[in-house]
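Please look over the sequence and the structure shown below before reading on. The report that follows goes through the strands, the overall make-up, a pocket and a pair of charged side chains.

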Amino acid sequence: ETNKVIAAAANFGHTLNGIPAWGPGAVTRVYFDTKGISGFYSAAPVLKQGETVRTIKPEAAVEKYIAAGAPSTNLRLHSGVVYKVDISKVELVYYIDASNSAQKTITPQYLISGQFYGRDLSGEKTDVASDFSYLVPAI
């Protein structure tokens, strides 16, 4: 028996003035069949450039992240459930929602990502890491 690929898709990200776009509206998917490109879908809204804004430093974004209290953070940093957070990346991005959302303006955000470690139901620390991503407004 021979298996053939008859269709595939590829996702392509976007940048705006050199800053990566992130979120459901930040991807264009291109579909391929045996004859080539068969279609595409982009959830990106139509955008026009606004005024230039001053951004905070990445360190200030991390401080805001640490200070965020539950339930605004899915990590429950202040509840004792999470005992350790390893931040691997702090990146300036534009969050773009899907084009069918009510989003009218995009602003720079810091995407903070890494892993966190929590406790099991008995309260014991575990070595199981969970990935996280968290957005902090950069203005």
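## The open sheet and its surroundings

In this predicted model, an open sheet is formed by 3 strands, which lie in the order β1-β4-β5 and pair in antiparallel fashion. At the edges of this sheet are β1, covering residues 7-13, and β5, covering residues 36-42, each of which pairs on one side only. From one strand to the next, the twist averages 25 degrees. Strands of a sheet pair through backbone hydrogen bonds, and the pairing may be either parallel or antiparallel.

The two pairings of the sheet are set out here, each with one example of residues that stand opposite one another.

| Strand pair | Bridges and direction | Example of partners |
|---|---|---|
| β1 and β4 (residues 27-33) | 7 bridges, antiparallel | Phe12 and Thr28 |
| β4 and β5 | 6 bridges, antiparallel | Phe32 and Ile37 |

The connection between β4 and β5 is a hairpin, which passes from one strand to the other through 2 residues.

Seen as a whole, the protein contains 1 helix and 8 strands, and, read from the N terminus, its elements follow the order β-β-β-β-β-α-β-β-β. The protein has 139 residues, and 24% of them count as buried.

Where is there open space in the model? Rolling a probe the size of a water molecule over the atoms shows where empty space is left. The largest pocket has a volume of about 630 Å³, and its lining is made up of 22 residues, with Gln49, Gly50, Glu51, Tyr94 and Ile106 lying nearest the centre of the pocket. Sorted by character, the lining of this largest pocket comprises 11 nonpolar, 8 polar and 3 charged residues.

The charged side chains offer a last point to examine. Side chains of opposite charge can pair when their charged atoms come close. In this model the count comes to 1 salt bridge, in which the side chains of Glu91 and Lys89 meet at 3.6 Å, taken from N to O; this pair qualifies because that distance is within the 4 Å cut-off for a side-chain nitrogen of Lys and a carboxyl oxygen of Glu.

Are the two partners of this salt bridge buried, exposed or partly exposed? Glu91 counts as partly exposed because its relative accessibility is 23%, and Lys89, with a relative accessibility of 45%, likewise counts as partly exposed. Both values fall between the limits of 20% and 50% that set partly exposed residues apart from buried and exposed ones.

Definitions and conventions. Residues numbered from 1 in each chain as written. Predicted model: local features only at pLDDT ≥ 70, side-chain atom pairs only at ≥ 80, totals over all residues. Heavy atoms only, no water. Buried < 20%, exposed > 50% of the residue type's maximum accessible area, 1.4 Å probe, protein only. Pairing = 2+ DSSP bridges. Helix = DSSP H or I, 4+ residues; strand = E, 2+ residues; numbered from the N terminus. Axes fitted to C-alpha atoms, helices over the stretch in contact; angles between N-to-C directions. 1 Å grid on protein atoms, 1.4 Å probe; cavity = no way out; pocket = protein on both sides within 12 Å on 5 of 7 lines; lining within 4 Å. Points joined across faces, edges and corners; volume = space filled by probe spheres on them. Nonpolar A, V, L, I, M, F, W, Y, C, P; charged D, E, K, R; others polar.
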